[in-house]
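Trainee: I'm new to this one. Could you walk me through it?
Mentor: Sure, let's have a look together.

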Amino acid sequence: MVPGAALVEPPELNKATPEDLTVELTTVEKEAMISGKKVLAETYNGSLVGPTLHVVPGQRVTLKLTNKLGTSTNLHFHGMHLSPKGSADNIMLSAKPGRTLTYHLDIPANQAPGTYWYHDHEMCTRDGESMPGMEMSSAPANARCNGTESQIGAGLSGTIIVGDSRESLPPAYRQITAHTLALKDAQISGTSSIVYPDGVLEPASPTVRLVNGQYRPTLNVKAGETQLWRIANEGYAIVYDLQLGGGTFTVVGQDGTPSVAPTRVKHLLVPPGGRFDVLVTAGAPGSTWLRTLHHEAGSPGDGDVYPDTPLMKVNVQQGSGSTGPAATGGPSGMATSPQIAGPLPGSEPDLSGEPIAQSRSVALSDDGGNNFWINGKLFDMKMPTFKKPATLGTVEEWTLTNTSGHDHPFHLHIAPFQVLSVNGVAQPPADYMDTVSVPHKVNGKAGKVVIRIRFTDFTGIWMFHCHITGHEDNGMMGYVNVIAAGSTG
């Protein structure tokens, strides 16, 4: 692979439009080009980075998924507030090889503008077998059934952009340049393939970190220019700890939710599935790097360890971005990003003072091998994690504990949640998340995160799981039944 080529935006599935629309995705195995190297991948519409889907609140999207793979596949619209039933965000649907599956997505009128993503969420673990407790419908005799880990690892993920988060910013920033940065990684075999028919991946193994499917691309910006970067971790398991040499990130949205208090930070910890909308500002002419720092996702000898790795070179060129000190007398490369006052339109209310309808415990654990449990049980589609359902319109408090030696990124479908505390440390009423990293145990003491969730709009099965997809595929998944007020479930 040859680094240094100009950054290319992911392909567009459609342009943003207020009219209802129909779009088509085709899953197909083909050779994709990674910075000059041909690699066999599983793709959407032939692209290693799936084409970006643009939607606007209140729109109806008809999405036709045609499957030309040798394995069953489906879609999850990660972070979107969509029904888990019927032909919407229903991960029980499955497109068998050679079949077309049609989704009907009614984008809520109050869906927050921001960055989301889509990916395979097939409910099986290995050839011809379902997840523990899950019965799959019949498939052609020669069809495989590869799980989520294998399919995302082979390339099946792409970005969703709702509206335009720049419109929520002060007027000076509404016309700035925006870039989508889809972070993915590839473990390339000796036969130049990232397709894993056996479904085996190792997050700690050597991997190639990619930005928009490119190896260490270059982004050119003008001195003093401020841009919006839509950053999405669209890989199957790996954590990114992002740093921009000489500069800062101003977080204006997290996991699709506009910021209640935009914050300037020096690095971003992005778990699998996590997204950030951030402002960055160039300094004087020069160059620097967006990189992911050394990160240990667990205790020594147990958690995965990721090395410091450069991701994207940023060249700052002389231009008319600004005549201020950042562009003249300041340091070369990137500079301090702007401070933005909040709350931004679309941000969510603080739930810490809300009455709590129920409190629940979610215990994450494993046996050190290939069994990963929630509340001591492998996932069973026939058995909800909790006997008592949740009720629409109520707020619940969940305590997430982790007794394993490595971090687990906890993801909830359908709606985001507010993090109240991490390991007993109270958190500010910051942005809601749909994925939070639950820390590993230390000196025998479990990691703990306390969250609050408001259940709105949709009854049915609300899934939750670890977003290290190998853990999800091997049992660390559950669900809560959500019922209407006054219903007995």
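**Cavities and a sheet**

Mentor: Keep in mind that this is a predicted model. Let's start with the largest cavity: domain 1 (21-163) and domain 2 (167-317) both give residues to its lining, so the cavity lies between them.

Trainee: What volume does the largest cavity have?

Mentor: Start with the count, which comes to three cavities of 30 Å³ or more. The largest cavity is lined by 17 residues, and P113, S165, V252, G253 and D277 are the closest to its centre. Its volume is about 70 Å³.

Trainee: And which element gives the largest share of the lining of the second largest cavity?

Mentor: That cavity has a volume of about 50 Å³, and 13 residues line it. Helix 1 (148-153) and strand 11 (178-186) each supply at least two of them. The largest share, three residues, comes from strand 11.

Trainee: Now the open sheet of six strands: which strands stand at its edges?

Mentor: Read the order, 26-25-28-33-30-31, with mixed pairing. The two edge strands each have a single partner strand, so one side of each is left without a neighbour in the sheet. They are strand 26 (372-374) and strand 31 (425-426).

Trainee: Which residue in strand 26 does D366 stand opposite?

Mentor: Strand 25 (residues 358-366) pairs with strand 26 in the antiparallel sense, over three bridges. Opposite D366, in strand 26, stands F372.

Trainee: Which residues does S361 touch, leaving out those up to four places away in sequence?

Mentor: S361 lies in strand 25. With that sequence limit, its contacts are N375, F386 and T399.

How values were computed. Residues numbered from 1 in each chain as written. Predicted model: local features only at pLDDT ≥ 70, side-chain atom pairs only at ≥ 80, totals over all residues. Heavy atoms only, no water. Pairing = 2+ DSSP bridges. Helix = DSSP H or I, 4+ residues; strand = E, 2+ residues; numbered from the N terminus. Contact = heavy atoms within 4.5 Å. 1 Å grid on protein atoms, 1.4 Å probe; cavity = no way out; pocket = protein on both sides within 12 Å on 5 of 7 lines; lining within 4 Å. Points joined across faces, edges and corners; volume = space filled by probe spheres on them. Domains from an automatic or database assignment.
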